[in-house]
Amino acid sequence: MGNETLLVLVVVTALAFDFTNGFHDTGNAMATSIATGALGPRTAVALSGALNLVGAFLSLSVAATIASGLVDTHLVTLTVVFAGLAGGITWNLLTWFLGIPSSSSHALIGGVVGSTIAAAGGHAVLWHGLFQKVIIPAGLSPVIAGLVAALGTYLVYRISRNVSAGARGHGFRIGQIGSASMVSLAHGTNDAQKTMGIITLALIANGSLGAGAKAPFWVILCCALAISLGTYTGGWRVIRTLGKGLVEIESPQGMAAESSSAAIILLSSHFGYSLSTTHVATGSILGTGVGKKGARVRWGVAGRMATAWLFTLPAAGLVGAGAYGLAHVIGGTAGVVVVLVLLLAVSGGIYYRSRSSAVGHDNVNAEWTGSVAPASAEKEVAAV
């Protein structure tokens with residue numbers, strides 16, 4: 001088996017990551033609409049999947065950042081790219097199982113940076129680009145989103161203070177359909193681009209494309225379909241945390257959060273920033289709790305999420321570095337196949353474990369009890 005076979009394995013693994021990115025991040029767009037009843041769970045994920053598909057074709061700025069703005073493409077090999085993807089997928093599945101809305105973007109970037117360092121050393125990482133377009137936006141985006149959403153929430157309640165609660169709720173639930181749709185569209189313009197950039201990086205590493213090349217159309221199409229299908233499956237565990245675990249959301253808050261998220265994500269896509277849509281959505285939801293008088297914000301849950309965010313880059317990087325090391329020791333395509341088998345085993349184990357505390361469209365809006373699994377699911381497990 002030669003480089004073409006290895007390239008195919010890398011592309012398939014990249015699309016698998018794109019799929020996990022889709023179901024991991026569905027909550028960023030639809031959690032608040034599902035929580036307020038503006039959209040039914042199945043309708044919400046179907047609408048989000050369709051709009052992610054459309055959004056993936058609207059911009060390539062972020063794809064260019066991932067493909068050539070973070071690591072030295074001359075020092076990257078297919079094995080490096082594959083190992084980075086392994087790191088990203090592992091972190092995505094682990095945080096999905098725990099119901100933690102962590103950043104798929106940072107998991108991917110951390111995995112690639114870790115495998116690159118293991119293969120070629122720290123000088124192969126373009127640290128200026130990493131700090132400027134990844135780390136700094138990661139710190140600022142949830143704060144900015146929170147402030148915008150807090151102001152928006154205050155204004156919508158202020159403006160509608162003389163409207164009856166029933167009429168206000170009904171009107172804003174209708175408005176949420178539009179605002180949630182904009183977040184889904186924005187998510188496609190940002191997150192789908194990241195896998196496009198990774199596959200383009202693999203094509204460059206294989207010599208199939210020249211350095212600095214843009215993503216071919218087939219790459220755009222495949223990535224758009226993968227993230228759309230992943231979104232449609234519904235990452236119910238993360239949706240539950242965002243919709244029920246942070247703030248008790250009402251429809252005016254939901255519309256404010258979604259509008260804030262959409263504006264910031266679209267702006268970042270325009271400038272090519274590899275922004276975490278999860279950080280933005282979480283910041284927006286917390287901001288609505290601050291902006292509404294008397295709202296209850298579960299800062300303990302938010303703190304656990306923030307801790308996971310701090311570990312995302314280094315944890316995914318360590319897995320990426322370890323995956324590269326194992327593949328390199330074995331050597332060639334055989335090394336990649338061995339790591340792939342291990343990745344499939346770990347993924348299967350996480351999925352199997354999740355079935356004992358299943359969260360789906362039928363219980364995603366159950367009362368929050370302090371854990372991802374609703375109380376009914378926990379009782380069923382105890383009975384078994």
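1. Burial. Buried residues account for 58% of the 384 residues in the protein chain. The model under review is a predicted one, and every value in this note should be read with that in mind.

2. Overall form. The protein chain has a radius of gyration of 20 Å, which agrees with the value near 21 Å expected for a compact globule of 384 residues. Along its principal axes, the C-alpha trace spans about 70 × 50 × 30 Å.

3. Secondary structure. Which elements make up the protein chain, and how many of each are there? The chain comes to 14 helices and zero strands. Read along the sequence, the pattern is therefore α-α-α-α-α-α-α-α-α-α-α-α-α-α, where a helix is a DSSP run of at least four residues.

4. Contacts across the sequence. Consider the contacts in the protein chain between residues at least 6 apart in sequence. Of these contacts, 85% join residues that are at least 24 apart.

5. Surface and charge. The accessible surface of the protein chain amounts to about 14,900 Å². Carbon and sulfur atoms contribute 69% of this surface. The chain carries 19 positive and 12 negative charges, and the mean positions of these two groups are 10 Å apart.

6. Disulfides. How many disulfides does the model contain? The count comes to zero. Cys-222 is in no disulfide, and the nearest cysteine sulfur to that of Cys-222 belongs to Cys-223, 6.9 Å away. Cys-223 is likewise in no disulfide, with the sulfur of Cys-222 as its nearest cysteine sulfur at 6.9 Å. A disulfide requires the two sulfur atoms to be within 2.5 Å, so a pair at 6.9 Å is not counted.

7. The setting of the two cysteines. Is Cys-223 buried or exposed? Cys-223 has a relative accessibility of 0% and therefore counts as buried, the cut-off being under 20%. Cys-222, by contrast, has a relative accessible area of 29%, so this residue is classed as partly exposed.

8. Val-346. Where does Val-346 lie? This residue belongs to helix 13, which covers residues 332-354. Val-346 has a relative accessible area of 42% and is therefore partly exposed, since the exposed class begins over 50%.

9. Val-346 and Cys-223 together. These two residues are 123 residues apart in sequence. In space, the distance between Val-346 and Cys-223 is 23 Å, C-alpha to C-alpha. Val-346 is partly exposed, whereas Cys-223 is buried.

Methods: Residues numbered from 1 in each chain as written. Predicted model: local features only at pLDDT ≥ 70, side-chain atom pairs only at ≥ 80, totals over all residues. Heavy atoms only, no water. Buried < 20%, exposed > 50% of the residue type's maximum accessible area, 1.4 Å probe, protein only. Helix = DSSP H or I, 4+ residues; strand = E, 2+ residues; numbered from the N terminus. Rg over C-alpha atoms; globule rule 2.2 N^0.38 Å. Contact = heavy atoms within 4.5 Å. Areas by Shrake-Rupley, 256 points an atom, 1.4 Å probe, with all protein chains shown as cover. Lys, Arg positive; Asp, Glu negative; His and termini not counted. Charge placed at Lys NZ, Arg CZ, Asp CG, Glu CD.
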